[in-house]
Amino acid sequence: MLSGWSTTIDPIQLADKGARLAGTLPLKGMRRLMEMCADEQGSVSVDLQFERDPSNGLRAVHGRIDAHVELVCQRCMGRLTIELHSEPRLTLLRCGEREDLVEAGDALVIEQPIMLGDLVEDELLLEVPMVPMHAPDQCPAQRLIADNKPEKEATRANPFSILEKLKQTDR
Ligand SMILES: [Zn+2]
């Protein structure tokens, strides 16, 4: 069960216990993610399994994180509902443990207990599109451009038509 994003967890200890954290919490409380959102609506579902691999003794966390967020389309500035989905798979390391794995990425060095919300938010932020936009056929701004296109092209004079005429009179 999840009691709140501000719950402090020790991933190393959770892995040693083989604990599973699952539940749904409101988006509120994820400050960095909310800064990108149009409002505070939305929730985040988490299902994370912490475990220790008996073959090599390495601790890890894996599972899934799903969230519905309302972003702002950067083309029409309208609202845009996006589903964020992450399937994190992180090796959990103590300070100084297996530094080769840290450089390879996908490893989290745990120096002290961390906030559950930070762990989940870090993973979700990776899934937020750099420039959120509606699909082209669903974006009001894009439709406007598409509607105006044939008219504009028809009325736009060909800048080379004058040259064409000059060429013809030269002959
Ligand atoms: Zn749009």
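Visitor: Which residues are linked in a network of salt bridges?

Guide: The network joins Asp16, Arg52, Arg59 and Glu97. Keep in mind that this is a predicted model. A search of the whole structure finds 12 salt bridges.

Visitor: What makes Glu40 and Lys28 a salt bridge?

Guide: Let's set the value against the cut-off. A salt bridge needs a side-chain nitrogen of Lys or Arg within 4 Å of a carboxyl oxygen of Asp or Glu. For Glu40 and Lys28 the distance from N to O is 3.4 Å, so the pair meets the definition. This pair links distant parts of the chain, 12 residues apart. Glu40 sits in the loop between α2 (31–34) and β3 (43–52), and Lys28 in the loop between β2 (20–26) and α2.

Visitor: Why is Glu40 called partly exposed?

Guide: Buried means under 20% relative accessible area and exposed means over 50%, with partly exposed in between. Glu40 has 41%, so the middle label applies.

Visitor: What does the salt bridge of Arg79 and Asp39 tie together?

Guide: Their side chains meet at 2.5 Å, N to O. Arg79 lies in strand β5 (residues 79–86) and Asp39 in the loop between α2 and β3, so the pair ties together parts that are 40 residues apart in sequence.

Visitor: How do you know whether Asp39 is buried or exposed?

Guide: The relative accessible area of Asp39 is 18%. Buried means under 20%, so Asp39 is buried. Its partner Arg79 has 48% relative accessibility and counts as partly exposed.

Visitor: Which residue forms a salt bridge with Arg79 at 3.3 Å?

Guide: That is Glu70, and 3.3 Å separates the closest N and O atoms. Glu70 has 17% relative accessibility, which is under 20%, so Glu70 counts as buried.

Visitor: Why does Glu123 have no salt bridge?

Guide: Here the distance gives the answer. The nearest side chain of opposite charge, Arg32, is 9.8 Å away. A salt bridge requires N and O within 4 Å, so Glu123 and Arg32 do not qualify. Glu123 is buried all the same, and its place is in helix α4. Leaving out residues up to four places away in sequence, Glu123 touches Ile65, Ser86, Pro88 and Leu90.

Visitor: How do you know that Glu121 is buried?

Guide: Glu121, also found in helix α4, has a relative accessible area of 3%. That is under 20%, so Glu121 is buried.

Visitor: What does the side chain of Glu121 reach?

Guide: The side chain of Glu121 reaches the backbone nitrogen of Arg32 at 2.8 Å. Apart from neighbours within four places in sequence, Glu121 is in contact with Met30, Arg31, Arg32 and Leu33.

Visitor: What makes α4 a mostly covered helix?

Guide: In α4, 7 of the 10 residues are buried. Among them are Leu116, Leu119 and Val120, along with Glu121 and Glu123.

Visitor: Which residues make a nonpolar surface patch?

Guide: Met130, Val131 and Met133 make a patch of about 360 Å². Val131 lies in the loop between α4 (116–125) and α5 (140–155).

Visitor: How many helices and strands does the protein have?

Guide: There are 6 helices and 8 strands. Of the 171 residues, 30% count as buried. The protein exposes about 11300 Å², and carbon and sulfur atoms supply 51% of that area.

How values were computed
Residues are numbered from 1 along each chain as its sequence is written. This is a predicted model: local features need pLDDT of at least 70, side-chain atom pairs count only at pLDDT 80 or more; totals for chains, interfaces and linings use all residues. Side-chain values use heavy atoms; hydrogens and water are left out. Patches are made of residues with over 30% relative accessible area and no salt bridge: like charges are joined within 9 Å, nonpolar side chains (Val, Leu, Ile, Met, Phe, Trp, Tyr) within 5 Å. Accessible areas come from the Shrake-Rupley method with a 1.4 Å probe; for residues, only the protein chains shown count as cover. Helices (H or I, at least four residues) and strands (E, at least two) are DSSP runs, numbered from the N terminus. Buried means under 20% relative accessible area, exposed over 50%, partly exposed in between (1.4 Å probe, protein chains only). Lys and Arg count as positive and Asp and Glu as negative; His and the chain ends are not counted. Contact means heavy atoms within 4.5 Å. A polar contact is a pair of N or O atoms within 3.5 Å; within protein, one must be able to donate a hydrogen and the other to accept it, and residues adjacent in sequence count only if both atoms are side-chain atoms.
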